[in-house]
Amino acid sequence: MSVSIKEQLTSRLGFGTWQFGGPNVVNGNPTGWGEVNKVDAIRAVHSALDQGINFFDTADSYGRGQSELILQEAFAQKPDSTKIICTKFGNRQSPDGQPIQDYSADYLIEAVEASLDRLGIDTLDLLLLHSPPDAFDWANYDSTPFEDLKKAGKIRVYGVSSRSVYGAKRVLEAGFGTALEVIYNALDRRAEELLFTAPNADDYLFIGRVPLASGFLNPAYLTQDPVFPPDQYRHYLPDRDRDWLLTSARRLAFLDDQPGGLATSALRFSLSNDAVAVVIPGMRNEEQVLANRQAEKLGPLSADLLARIRQVVPDVADHWKPKS
């Protein structure tokens, strides 16, 4: 019997690598996290492996393959370490440079081969559709090409990295794949009600993304307003999103009194839910790896702290919810 992804995890703290894609300018607009220092990035990956972190999440669109290439270079220097690699496909550019989404069977095969080549591996542990529309037509989307890739040994598991929890709910209802990457953090807990209690939730491996709420669960922002450089996507966040995230994060200031402070406590929140198999904060350097690893060592937050989080931030912003 084959070993499952969950059984292979040596830590529930994973490693997100969106930041390794750099500014990731698409159609003139930055969609990434600013310039990346490759030396620091590789050292961070090595530190993670040394700390027992073995789940790495990336995507072919992060810097047009740059994130995957950095991982390949880092992994090549640690050939004996066990790694679980999750990548994503579906966001590409048309011949005239326009961003498009393509989940066709032809592009699927092309994308898988390209990712395998960039990562320097023979098999992808997980392959996810990258942010398909919430209203994606799952009823008429053929999973046969994915099953064929599994039989060919190109991928082990497939699923979806959802744009929102509402899109993820439709994936569950359709029964597509067996892995779901979903938003889950102390400010946005909608997955608890919409996903983790679904009748077939146990059939899925849940990967918790944006556990630090796009970096707003940062102790620095408890007392000062963030200033994001223009080569980061956060520089262009709508004011109402930025304001809600900042105001809500400040309501969790009491978590900064806990060991490790606010960011560590925020990761502990996500790790407190057993429905989440692995949590994938982005990490730029060794210091962030060691700080984030502390969250798992400290263990789940207390029931009192979990209840207080829910009390002070009872729900997400109204404009994040579907119109009734």
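**A walk from helix pairs to a buried strand**

Let's start with two helices: the axes of helix α3 (residues 66-76) and helix α4 (residues 105-119) approach within 7 Å and cross at roughly 40°. α3 and α4 are therefore oblique to each other. On the α3 side, the contact is made by E68, L69, L71 and Q72, and these meet S115, R118 and L119 of α4. Sorted by class, the residues of this contact of α3 with α4 divide into three nonpolar, two polar and two charged. Please keep in mind as you look around that this is a predicted model.

Staying in α4, have a look at A111, which is found in this helix. Is A111 buried or exposed? With a relative accessible area of 5%, A111 counts as buried, because the cut-off for that class is under 20%. Leaving aside residues up to four places away in sequence, A111 touches D60 and F89. If you prefer to think in C-alpha distances, A111 and R92 are 9.6 Å apart in space, while 19 residues separate them in sequence.

F89 is a handy stepping stone, for it leads from the helix to the strands. Strand β5 (residues 84-89) pairs with strand β8 (residues 124-130) in the parallel sense, over four bridges. The bridge partner of F89 in β8 is L129. So F89 links two parts of our tour: F89 is touched by A111 of α4, and F89 has its bridge partner in β8.

Now for β8 itself. How many of the seven residues of β8 are buried? Seven of the seven are, so β8 is largely enclosed by the rest of the structure. Besides its pairing with β5, β8 is joined to strand β9 (residues 155-161) by six bridges, and these two strands run parallel as well. Here L128 of β8 has G159 as its bridge partner in β9. A general point helps when you inspect such strands: in a regular strand, the side chains alternate between the two faces of the sheet.

Moving on along the chain, S131 has its place in the loop between β8 and α5 (144-151). S131 is buried, since its relative accessible area is 18% and the cut-off is under 20%. Not counting residues up to four places away in sequence, S131 touches Q101, Y103, S161 and R163.

Our last stop is another pair of helices. As a reminder, two packed helices are described by the angle between their axes and the distance between the axes. For helix α9 (residues 261-271) and helix α10 (residues 286-298), the axes come within 8 Å and cross at roughly 50°. That makes α9 oblique to α10, and the crossing is right-handed. In this contact, T264, L267, R268 and L271 of α9 meet A291, N292, Q294, A295, E296 and L298 of α10. By class, the contact has five nonpolar, three polar and two charged residues.

Why is α9 described as largely enclosed by the rest of the structure? Ten of its eleven residues are buried, and that is why the description fits. Among the buried residues of α9 are G261, L262, S265, A266, F269 and S270; T264, L267, R268 and L271 are buried too, and these four also take part in the contact with α10. The packing partners of the buried residues of α9 are α7 (190-194), β12 (276-279), α10 and α11 (303-312).

Note on methods. Residues numbered from 1 in each chain as written. Predicted model: local features only at pLDDT ≥ 70, side-chain atom pairs only at ≥ 80, totals over all residues. Heavy atoms only, no water. Axes fitted to C-alpha atoms, helices over the stretch in contact; angles between N-to-C directions. Parallel < 35°, antiparallel > 145°, perpendicular 65-115°, else oblique. Left-handed = near helix turned anticlockwise from the far one by under 90°. Contact = heavy atoms within 4.5 Å. Nonpolar A, V, L, I, M, F, W, Y, C, P; charged D, E, K, R; others polar. Buried < 20%, exposed > 50% of the residue type's maximum accessible area, 1.4 Å probe, protein only. Pairing = 2+ DSSP bridges.
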